[in-house]
2 protein chains.
Amino acid sequence: MPALRGLFHEELELISEQLVELSKMSARALNRATQALFDADLVLAEQVISDDEEIDAVRRDLDNRAIDSLARQQPVATDLRQLVTTLRMSSDLERSGDLARHVAKLARLRYPEPVLPEELRLTFVEMAEVAEAMVLRAGEIIASLDVNGAKELQDRDDTIDRLHRDVFRILLDPKFAGATQLVIDSTLLSRYYERFADHAVSVAIRVVYLVTGVWHDELDEATYERHTSGQVPRAEG
Amino acid sequence: MPALRGLFHEELELISEQLVELSKMSARALNRATQALFDADLVLAEQVISDDEEIDAVRRDLDNRAIDSLARQQPVATDLRQLVTTLRMSSDLERSGDLARHVAKLARLRYPEPVLPEELRLTFVEMAEVAEAMVLRAGEIIASLDVNGAKELQDRDDTIDRLHRDVFRILLDPKFAGATQLVIDSTLLSRYYERFADHAVSVAIRVVYLVTGVWHDELDEATYERHTSGQVPRAEG
């Protein structure tokens, strides 16, 4: 049934394109949420919050297509891995959208006050830029099935982790004079950006599995450890 | 092929039992991590951190079984949903184990200092107890395919959310005299317990999909909203 297989592969292609679209939506959400945070822009914050429903809708559609394909095409090998991986990547990208929404909600909650203390603005600007670029790159890695992308995104994630620690270092500096509320908000925001970046790494690692059939944790124990252990703040140093 | 179908259903049964086991492992991890946190018990903290590899191994085994069954049995309808749902529940439970490990890592990082300020201990004791009970209940819900379990766990999650807000209220009280490090650590810890509880709710919601074939967000928009929006701290009230 070559015609049917052809149709199936068109469907897989569409699913892949939809994943790339989802990565762009989540990058845009983070970009706008960051802008809303920095400019104390209530309208933009509301926009990010309501737009998250679109991300959820695309994710839902993607998952339905993937499950439908599993049921109808009974795929094996690479095709099966693509569908299983799709369900995981859609979950990562939808969660990234949630994290962008968390940032926007905090901007809305504190409006018209700015959320971030002056001392942390530069660190968060960089964190937001790197995180946004990472999820866009994750989309490209999905489209090109680039098995080397995971390594690249892990390197960028090291930058995120460094910035995450910088946030704590600045908060702990005796010169820092911000109120407790600023400490709490900055801690949570830093965690949101850091998790956002983790999900981009996760997507790239799933591409390795898709292409090679090797689970990431079998691929490289150190990689796996980095990926799953998260970051307890090394705020002491 | 009734014999083969019978074997397949035995395999599905085994997969379900393994998910229940995973929920118990993650409950135990949280229990011990909490104890390590409260008693500044370095040995126990190390134990939780190294035991997390077992959780990861069970999760890996589960996922391999589920994907193997997808490839070999070409399931449809409920059987397909069970396998898809298994991949998601295993992810939730493995992530719960990671969050318990984060708690243990923070206990290890601050050793021999206690992590938590005295004022917060009771709140965290309650949060840990509720969260641990929730993941154990999630395991029972998997075993019994209880579609009403999601509602029950959402109610308990309301308690967690209240405690999460209590943490911020206590930190923001002018009487609170803890150092910035305590504020940062307590904020992150509270977030870890809160996310742990979210994953238990998530598992129960997936059981609804497994049994009914209805996505949780189609089931109840409010439920879905509660589930996915996370908790931006309403620390101001």
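**Exercises on a predicted model**

Pro112(A) lies in the loop of chain A that runs between helix H3 (77-110) and helix H4 (121-144). The model is predicted. Each exercise below has a worked solution.

**Exercise 1. Find which residue is joined to Pro112(A) by a cis peptide bond, and give omega.**

Step 1. Start in the loop between H3 and H4 of chain A, where Pro112(A) is placed.
Step 2. Look at the bond to Tyr111(A): it is cis, with omega about 5°.
Step 3. Turn to chain B. A cis peptide bond joins Tyr111(B) and Pro112(B), with omega about 5°.
Step 4. Place Pro112(B). It is in the loop between helix H3 (77-110) and helix H4 (121-144) of chain B.
Step 5. Set this against the general rule: most peptide bonds are trans.

**Exercise 2. Locate Leu145(A) and decide whether it is buried, partly exposed or exposed.**

Step 1. Find the loop between H4 and helix H5 (149-172) of chain A; Leu145(A) is there.
Step 2. Read its backbone. Phi of Leu145(A) is near 50°, a positive value in a residue that is not glycine.
Step 3. Recall that most residues other than glycine have a negative phi.
Step 4. Take the relative accessibility of Leu145(A), 43%. Partly exposed covers the range between under 20% and over 50%. Leu145(A) therefore counts as partly exposed.

**Exercise 3. Do the same for Gln74(B).**

Step 1. Gln74(B) sits in the loop between helix H2 (42-73) and H3 of chain B.
Step 2. Its phi is positive, about 45°, although Gln74(B) is not a glycine.
Step 3. The relative accessible area of Gln74(B) is 24%, so it is partly exposed.

**Exercise 4. Describe the surroundings of Leu80(A): which residues does it touch, leaving out those up to four places away in sequence?**

Step 1. Place Leu80(A) in helix H3 of chain A.
Step 2. Check its accessibility. At 3%, Leu80(A) is buried, because buried means under 20%.
Step 3. List the contacts in chain A: Leu80(A) touches Leu70(A) and Pro75(A).
Step 4. Add those in chain B: Ile67(B), Leu70(B) and Ala71(B).
Step 5. Compare sequence and space. Leu80(A) and Val103(A) are 23 residues apart in sequence, and their C-alpha atoms are 35 Å apart.

**Exercise 5. Find which ring the charged end of Arg81(A) sits over.**

Step 1. The ring belongs to Tyr209(A), and its centre is 5.9 Å away.
Step 2. Test the distance: the cut-off is within 6 Å.
Step 3. Look in chain B. Arg81(B) lies over the face of Tyr209(B), 5.9 Å from the ring centre.

Note on methods:
Residues numbered from 1 in each chain as written. Chains lettered and ligands numbered in written order. Predicted model: local features only at pLDDT ≥ 70, side-chain atom pairs only at ≥ 80, totals over all residues. Heavy atoms only, no water. Lys NZ or Arg CZ within 6 Å of the ring centre and 35° of its normal. Helix = DSSP H or I, 4+ residues; strand = E, 2+ residues; numbered from the N terminus. Buried < 20%, exposed > 50% of the residue type's maximum accessible area, 1.4 Å probe, protein only. Contact = heavy atoms within 4.5 Å.
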